[in-house]
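This report goes through one protein chain, from its overall layout to single pairs of side chains. Keep the structure in view while reading.

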Amino acid sequence: MADDGDSSSGPVDTNGGQGAAEESDGLGLGGMLLNISALVLVVAVCLAAYRRWGRRLVSDGAHGAEAPTLTKMRRRDFTLEQLGEYDGVQNPRILMAVNMKVFDVTSGKKFYGKDGPYGIFAGRDASRGLATFCLEKDALRDEYDDLSDLSAVQMESVREWEMQFQEKYDYVGRLLKPGDEPSEYTDEEDIKDHLKHD
């Protein structure tokens, strides 16, 4: 049999060609608009639900993972031994000293807590480690460190770190040299300093 171009190998259209047109339109223009409208409505409802409940759930979950907020610490001076008690393990509060100034870094627990990248500094004088950019325990000293062997560039780095900590964290007192007596801070100084940081 020779193909003369008039025969078709597929099914015969008995509707006069109208069936093929209906199939290609699918649901038609009205159906597409209905689908798009339904999709927009679902997205709007999801967005409204997230705004109403989602943020609250996320923030509640974040607060549940962290320690409860501690009250502001009254200003006082610390010996190295006293500072060591505030390492986030023995006491939930985390303090660290930079250039003889003690800061409450509890709000930065993810950095200075036990498992944080700078956890080595918790409850310690971090000046030498920050000046030398060394996070090893051997770089820190267990006794008073006057930093006299640091270079001018390293001391400038310590001062820059100190300024950053003053901007971000509460200053709670001085790190005492051996033989120094702690200062007596008045409630007025304490309140004025806390208002300045808030």
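What percentage of the 198 residues of the chain count as buried? The share is 30%. The model is a predicted one, and the values below are computed from its atoms.

**Layout of the chain**

The chain contains seven helices and three strands. From start to end, their order is α-α-α-β-β-α-α-α-β-α. If contacts between residues at least 6 apart in sequence are taken, 58% of them join residues at least 24 apart.

Strand β3 covers residues 170–174, and four of its five residues are buried. Which strand pairs with β2, and in what sense? The partner is β3, and the two run antiparallel, joined over four bridges. Within this part of the chain, Val102 stands opposite Gly173 in β3.

**Nonpolar cores**

The largest nonpolar core is made of 15 residues. Met96, Phe103, Val105, Tyr112, Leu130 and Phe165 have the most contacts inside this core. Tyr112 can serve as an example. Leaving out residues up to four places away in sequence, Tyr112 touches Ile94, Met96, Val105, Tyr118, Gly119, Ala122, Phe165 and Tyr169. There is also a second, separate core of ten residues, including Met73, Leu80, Leu95 and Val172.

**Aromatic pairs**

How many aromatic pairs does the structure hold? There are ten. One of them joins Phe78 and Tyr86 in an edge-to-face arrangement, with 5.8 Å from centre to centre and 85° between the planes. Phe78 is buried because its relative accessibility is 0%, under the cut-off of 20%. Tyr86, at 10% relative accessibility, is buried too.

Are the rings of Tyr118 and Phe121 stacked or edge-to-face? Their planes lie at 10° and their centres are 6.3 Å apart, so the pair is stacked. Tyr118 is partly exposed, with a relative accessibility of 31%, whereas Phe121 is buried, with a relative accessible area of 1%.

Tyr118 and Phe121 also belong to a cluster linked by ring pairs. The other members of this cluster are Phe103, Phe111, Tyr112, Trp161, Phe165, Tyr169 and Tyr171. Phe103, Tyr112 and Phe165 were named above for their contacts inside the largest nonpolar core.

**Salt bridges**

Side chains of opposite charge can pair when their charged atoms come close. The structure holds ten salt bridges. The table gives three of them.

| Salt bridge | Closest N to O |
|---|---|
| Arg93 and Asp104 | 2.6 Å |
| Asp149 and Arg128 | 2.6 Å |
| Asp145 and Arg141 | 3.4 Å |

Arg93 and Asp104 come from separate elements. Arg93 is found in the loop between α3 (80–84) and β1 (95–98). Why does the salt bridge of Arg93 with Asp104 tie together parts that are eleven residues apart in sequence? The reason is that Arg93 lies in the loop between α3 and β1, while Asp104 is in strand β2 (residues 101–104). Arg93 is buried, with a relative accessible area of 10%, and Asp104 is buried, also with a relative accessible area of 10%. The side chains of Arg93 and Asp104 are joined by a polar contact of 2.6 Å as well.

Apart from its neighbours within four places in sequence, Arg93 is in contact with Leu70, Thr71, Met73, Tyr86, Asp87, Gly88, Asp104 and Thr106. Among these contacts, Tyr86 is the residue that forms the edge-to-face pair with Phe78, and Met73 is part of the second core.

The salt bridge of Asp149 and Arg128 has its own setting. This pair links distant parts of the chain, 21 residues apart: Asp149 is in the loop between α5 (127–132) and α6 (152–168), and Arg128 is in helix α5. Is Asp149 buried or partly exposed? At 48% relative accessibility, Asp149 counts as partly exposed. Arg128 is buried, with a relative accessible area of 9%.

In the remaining pair of the table, Asp145 is buried at 6% relative accessibility, and Arg141 is partly exposed at 35%. Which residues do salt bridges with shared partners join into one network? They are Arg128, Arg141, Asp145 and Asp149.

Notes. Residues numbered from 1 in each chain as written. Predicted model: local features only at pLDDT ≥ 70, side-chain atom pairs only at ≥ 80, totals over all residues. Heavy atoms only, no water. Buried < 20%, exposed > 50% of the residue type's maximum accessible area, 1.4 Å probe, protein only. Polar contact = N/O pair within 3.5 Å; in protein donor to acceptor, adjacent residues only side chain to side chain. Contact = heavy atoms within 4.5 Å. Phe/Tyr/Trp six-rings, centres within 6.5 Å; stacked < 30°, edge-to-face > 60°. Core = buried A, V, L, I, M, F, W, Y, C linked by side-chain atoms within 4.5 Å. Salt bridge = Lys/Arg side-chain N within 4 Å of Asp/Glu carboxyl O. Pairing = 2+ DSSP bridges.
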